[in-house]
Amino acid sequence: MVVFSELHTPLRTIMTPGPVEVDPRVLRAMSTPILGQFDPAFTTIMNEVMTMLRQVFQTKNTWAFPIDGTSRSGNEAILCSIIEPGDRVLVPIYGRFGHLLVEICERYGADVYSIECPWGDVFDPKVVIEEIEKVSPKIVAIVHGETSTGRLQPLEEIGRACRERDVLLVVDAVASIGGVEVKTDEWFIDGMIGGTQKCLSVPSGLAPITYNERIENILYARKKVERGIATEQDLNYKRSNHFIASNYFDLSMLQDYWGPRRLNHHTEATSMIYALHEGLRLVLLEGLEERFNRHQYHERALIAGIEAMGLKLFGDSSNKLPCVTCIEIPKGIDGESVRKMLLEAFSIEIASSFGPLHGKIWRIGTMGYSCRKENVLAVLGALEAVLIRHGVNVHRGDAIQASLDVYMSENQSLLKL
Ligand SMILES: Cc1ncc(COP(=O)(O)O)c(C=O)c1O
């Protein structure tokens, strides 16, 4: 028999685009004693989670609850509940997570049309709208905050165009929720997916989603088809009898579980619900505006330091995702060796990127509880030291000073977070 010792994990400063550091209050909430999933004390907590999610998603939708699984489970739950084989889905891709949407849609038999723009850019909404005109999709699926490139896609114009044409808009707001403005109703978004392990600063393992009655109608129509009681109108929602029905991701069953009927579906991940409850409570306690401002405040301090060091930011600043800062790796420098030394010598983690950007950029996340002054100053100081060790000709000492300038000029006091 092999018995290992108790876990002893190193204390890290996590400055990646997720998973990020978790507020100690969330960690404490996770050690709350387990309740049965139909215990009224627990169903009250479930209801509170739904109420808080609606506020964070900025929606009046009836349905806002988490899927048990990592963020992509939210994408999959919404998409598989509305796609029937042969449905046209348009996916504008501007980074790695657009490709994930394509893959999910294809697995459920959609006829996927994708358009791509160079990684580092976002789409001019007019380009997407022209494509909607050409393709006439049933669904447009798009990422709001693309963590792989650090970009933020404007959605309102696309949302309005979709609604006018009766196209469903599904948005992956995994990286933006809780850190950047996300307006589900005002932007005409039918299905929205958030992530826990990023700006909400809750561990990975749940995917909060919300959807409106346009999606709900599809769920009801499908149910009637399954029971053989569909009307002509319901059949309009349902062209094929061969859609793939997931049990785990069946939103109509999940509704019956999260809603007043409380019909058994899965066994709820109690401790994760506690964590999400506390994470959402902390977001609302801070205030949405205040939280978005905090993310931008620390972004300014980080960028000032990076630029003062003599490094170049990647991508167009007009569409930058405030909680992810991408830096071009100086020519001839081994990006992975820099990351390794940051971790080993300073216990700081930053990220590389994917696909065409691997080896070309580093990504620094300033998300949720990781988005703090001491973390920004620590990563700047450590990065400068490591780059000097790697022979990069940085402007020594300037980064921290430039960052402190931002903190002191905007705040007059270094005591604030
Ligand atoms: C924008 C975006 N969408 C989806 C995902 C997938 O999330 P997960 O790995 O939690 O399934 C990520 C993960 O980083 C992401 O950044």
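A residue counts as buried when its relative accessible area is under 20%, and in this predicted model that cut-off settles how two of the cysteines are to be described. Cys323 has a relative accessibility of 0%, and therefore counts as buried. Cys162 likewise stands at 0% relative accessibility, so this cysteine is buried as well.

The next matter is whether these cysteines are bonded. A disulfide is a covalent bond between the sulfur atoms of two cysteines. With a pair of cysteine sulfur atoms required to lie within 2.5 Å, the count for the model comes to zero disulfides. Cys162 is in no disulfide, since the nearest cysteine sulfur, which belongs to Cys105, is 13 Å away. For Cys323 the nearest cysteine sulfur is that of Cys199, at 3.8 Å, and Cys323 is in no disulfide either.

Cys105 leads on to a pair of helices, because Cys105 in H4 is among the residues that meet H3. Two packed helices are described by the angle between their axes and the distance between the axes. Here the axes of helix H3, residues 71-82, and helix H4, residues 96-107, come within 10 Å and cross at roughly 40°, which means that H3 is oblique to H4. The crossing of these two helices, H3 and H4, is right-handed.

Which residues in H3 and H4 meet? From H3 come Arg72, Asn75, Glu76 and Leu79, while H4 contributes Arg96, Leu100, Leu101, Ile104 and Cys105. Sorted by character, the residues of this contact of H3 with H4 comprise five nonpolar, one polar and three charged.

Note on methods: Residues are numbered from 1 along each chain as its sequence is written. This is a predicted model: local features need pLDDT of at least 70, side-chain atom pairs count only at pLDDT 80 or more; totals for chains, interfaces and linings use all residues. Side-chain values use heavy atoms; hydrogens and water are left out. Axes are lines fitted to C-alpha atoms, for helices over the stretch in contact, and angles run from 0 to 180 degrees between N-to-C directions. Helices (H or I, at least four residues) and strands (E, at least two) are DSSP runs, numbered from the N terminus. Angles under 35 degrees count as roughly parallel, over 145 as roughly antiparallel, 65 to 115 as roughly perpendicular and the rest as oblique. A crossing is left-handed if the near helix is turned anticlockwise from the far one by less than a right angle, and right-handed if clockwise. Contact means heavy atoms within 4.5 Å. Ala, Val, Leu, Ile, Met, Phe, Trp, Tyr, Cys and Pro count as nonpolar, Asp, Glu, Lys and Arg as charged, and the others, Gly among them, as polar. Buried means under 20% relative accessible area, exposed over 50%, partly exposed in between (1.4 Å probe, protein chains only).
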